[in-house]
Structures are given as structure tokens and as C-alpha cells.
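Colleague: I am new to this one. Could you walk me through how to read it?

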Amino acid sequence: MNTTSIGRIEDLLKEKSSVEILTDFINQQVRDWPLANGNFKGLEKVKEKEFSFDGFKMKVQFNPERIRSSAAKVDQKSIENRDCFLCLDKLPPEQGGIAQGKDFVILVNPFPIIPQHFTILKVDHVDQSFMDNLEGMLSLAKDMEGYTFFYNGPKCGASAPDHMHFQAGSNGFMPVEAEYFSMKKQAELLLKSNETEVRAFHHYLRKMISVESTKAKELVKIVNDFYESFSILQPEEKEPMLNVICFYTGEKYIMHLFPRKLHRPTQYFAEGEDQILISPASVDFGGVFITPRQEDFEKITADDIEDIFNQVCVGDKVFSKLCEKIKVESE
Ligand SMILES: [Zn+2]
């Protein structure tokens, strides 16, 4: 692939908005690349259903193309025995890219969940690592205003934990984006300054800490403190288990952090009737459960969703510790 064929987002933004640039890009890829064409057309036909909870909702999407992601083998041995499919020289010839800065390339994701779905690669083959790329994520989210970014930790849904990448999709797809604003009054306020507010959501099925800030630097400091205290609680992990959702709107960064304790729930490993093939990642935490098998889509209930979140999220005690730490750091 040739990343210069499309250009650099910094240059393109002088002429057009981020949404215009990325809509043109996706249209061009869908037109010229049969795989993307088939899968984006298929997305228009995916089945969805919805469950209502107290003040919020969960969507369920049946998407058979995502089986490769949900069932991806991400243990070290499997990773070592395959070619990295995200290295630039391994990408299919039809794949175009838009460069951002010197480190990242924006690509169209040919296995979409979201109407406009992108994968953003680090140019170098380096491990999935949140803190090393947090400033990069904020800069990307700003350049791609109108899109929501997400990060899946190496044991939290990333299907290529050996090659640093984010994903991004059109705003408005994940319920969390709007629910954060409608529910934040009921959440626990952990910190408030002129530029920044941090809140904890204890009763949202999943545990969520949300940082809202006009200053990238301040957000980075808070997230860094959170990350350090979480690392101490999970000393056996290379990085604490985390999913992250982030977007830039109205001159503010909004970042949702979902601290976890488990990669895949018991339902994933169960057999026969009891099996539900779900491997939760950021999109699921954002409020859209992805089921690659039709039988799971049909049988999954609101109770299953609650149970799966209970298994994979940190418990009340750990969550309260993380919240306390943010309060203390701010004093
Ligand atoms: Zn790679």
C-alpha cells in the first residue's frame, strides 16, 4: 500500500473537514476494494436488538464477519507463529492510508462493525501499549473530530496485541457517547478544576471512569496517575487490563476508562447450549455487544450481559480504590 497516495491528514484538513476527508476516503476504498465493498454492504443488513436498563440501553449486533476477531488466538505462541497482519508491508495492495504525524497511518477497516470504521496503525511494529500512545490518541482524536476512538488492551480484545493500533468509528454508534452526558449528573464527581472533570460510574453494568478536559496535558496526568495505581493492583500484567474510548468535541477531550480483571467470560469457554461466543472489547463496553454467531444473538438476554460485565470488570473494592486515588491526587 502507498500511504502517500491519499496524503497527510494535517494537509488535507487545510481544505476540508475531518468528516469530509474520511467519508471521501471510505467511499474510495469501498469503490475500489472488493473485500471492503462486500463487508460494508453486508453491514447495512446486520441484525440488531436492544435492551433497556435504568436510564441507558445496550445494543446487540449479529455480525458473522467478526468471528475472526472474537475468536482470535492472542496467546504468545500463536502470535509468534503468524505473520503480523498489521505491518504496512503485509497490507493488501488495495488498501490506502492517510498518514497522521510521523507515527500513525489511518486505514479503512475491511471488517466493519460501525458504518465508518477505521483502524489506526502505528507505523512501527511495537506492542499494544496504552500509556506510550496516549498523547498520540488525543492528537488523532482531535484531527479526526466527528469520530470516536477506542483502544483494546493486549488482553482486552485486541486481535493484534503485538502491533500497536487504535480503532475509530463515526460518532453516535456507541450508546455511551450520549449516555455519558445524560447520566453524568448521577455519577460520582471525583475531581473538578477549571479545565477538567472526572467522574466514576458505579451503576452502569460496567465500571467506568470518565475524564472530560479542555487540556490534553491535564488529562494525560490524571490518566497516568490512574494507570499507575491500577498497575500496582495488577502486578502480574504487562499493563493493567483496560479498554478506553475517547473523542474530541466542542474543544474538549472526553475519555472513558474501563478497568477489567478478566479477558473472556465463562460463557466463551462453555460448551453446547451454554456457550455464548463473546469476547468483550471497547465496543461492547461502549454499549454494543457483538455476537458473531446467530444463535448467540438470538438467545442472549439482559441478564447475560449483566453477568458478563460482572465477570470481566474489576470488583467494587478495586474500583473504589482507583476512584479514591484520583480524589487524593487532586487534593
Ligand atoms: Zn506488525
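Colleague: Which order do the strands take in the open sheet of three strands?

Modeller: Keep in mind that this is a predicted model. To read a sheet, list the strands by who sits beside whom. Here the order is β2-β3-β14, and the pairing is mixed. The edges belong to β2 (47-52) and β14 (288-291). Each has a single partner strand, so one side of each is left without a neighbour in the sheet. From one strand to the next, the twist averages 20°.

Colleague: What does "mixed" look like here, and in which sense do β2 and β3 pair?

Modeller: Take the pairs one at a time. β2 and β3 (residues 57-62) are antiparallel, with six bridges. Two residue pairs let you check this. Serine 52 has lysine 57 of β3 as its bridge partner. Phenylalanine 51 has methionine 58 of β3. On the other flank, β3 and β14 run parallel and are joined by four bridges. There, glutamine 61 is partnered by isoleucine 290 of β14.

Colleague: How many residues lie between the strands in the hairpin of β2 and β3?

Modeller: Four residues lie between them. Look at glycine 55 in that hairpin: its phi is positive, near 90°.

Colleague: Which residues other than glycine have a positive phi?

Modeller: Two to look at are leucine 205 and glutamate 251. Phi of leucine 205 is near 65°. Phi of glutamate 251 is also near 65°. Leucine 205 sits in the loop between β10 (196-204) and β11 (206-213). Glutamate 251 sits in the loop between β12 (242-249) and β13 (252-259).

Colleague: Is leucine 205 buried or exposed? And is glutamate 251 buried or exposed?

Modeller: Count the neighbours. A residue is buried if 20 or more other C-beta atoms lie within 10 Å of its own, and exposed if 12 or fewer do. Leucine 205 has 21, so it is buried. Glutamate 251 has 8, so it is exposed.

Colleague: β10 and β11 came up just now. Which sheet has them, and in what order do its strands run?

Modeller: Read it as before, from edge to edge. This open sheet has 11 strands in the order β1-β4-β5-β6-β8-β7-β12-β13-β11-β10-β9, again with mixed pairing. At the edges are β1 (7-8) and β9 (188-192), each pairing on one side only. Inside the order, β10 and β11 are antiparallel over seven bridges. One of the pairs to find is alanine 200 with isoleucine 209 of β11.

Colleague: Now a helix. Why should the 15 residues of α2 span 21 Å?

Modeller: Use the rise of 1.5 Å a residue. Take it times one less than the number of residues. For α2 (residues 18-32) that gives 21 Å, and its end C-alpha atoms are 21 Å apart, which agrees.

Colleague: Which residues of α2 are buried?

Modeller: They are Ile21, Leu22, Phe25, Ile26 and Gln29. Seen down the axis of α2, they fall within an arc of 125°, so they line one face of the helix. The general idea is simple. An α-helix has 3.6 residues a turn, so residues three or four places apart point the same way.

Colleague: What covers the buried residues of α2?

Modeller: The cover includes two helices, α1 (9-12) and α3 (34-43). It also includes the strands β4 (98-100), β5 (104-108) and β7 (147-152).

Colleague: Where is methionine 164, and which residues does it touch?

Modeller: It is in the loop between β7 and β8 (165-170). Count again: 26 C-beta neighbours inside 10 Å, so methionine 164 is buried. Leaving out residues up to four places away in sequence, methionine 164 touches Lys122, Val126, Asp127, Gln128, Ser129 and Asn133.

Colleague: And the chain as a whole: how many helices and strands does it have?

Modeller: It has 13 helices and 14 strands. To judge the overall form, compare the radius of gyration with that of a compact globule. For 331 residues that would be near 20 Å; the protein chain has 19 Å, which agrees. The C-alpha atoms fill a box of roughly 50 × 50 × 40 Å along the principal axes. Of the 331 residues, 42% count as buried.

Colleague: What share of the contacts comes from residues 24 or more positions apart?

Modeller: Count contacts with a separation of 6 or more. Residues 24 or more positions apart account for 68% of them.

Terms used. Residues numbered from 1 in each chain as written. Predicted model: local features only at pLDDT ≥ 70, side-chain atom pairs only at ≥ 80, totals over all residues. Arc of directions from axis to C-beta. Contact = placed C-beta atoms within 7 Å. Pairing = 2+ DSSP bridges. Axes fitted to C-alpha atoms, helices over the stretch in contact; angles between N-to-C directions. Rg over C-alpha atoms; globule rule 2.2 N^0.38 Å.
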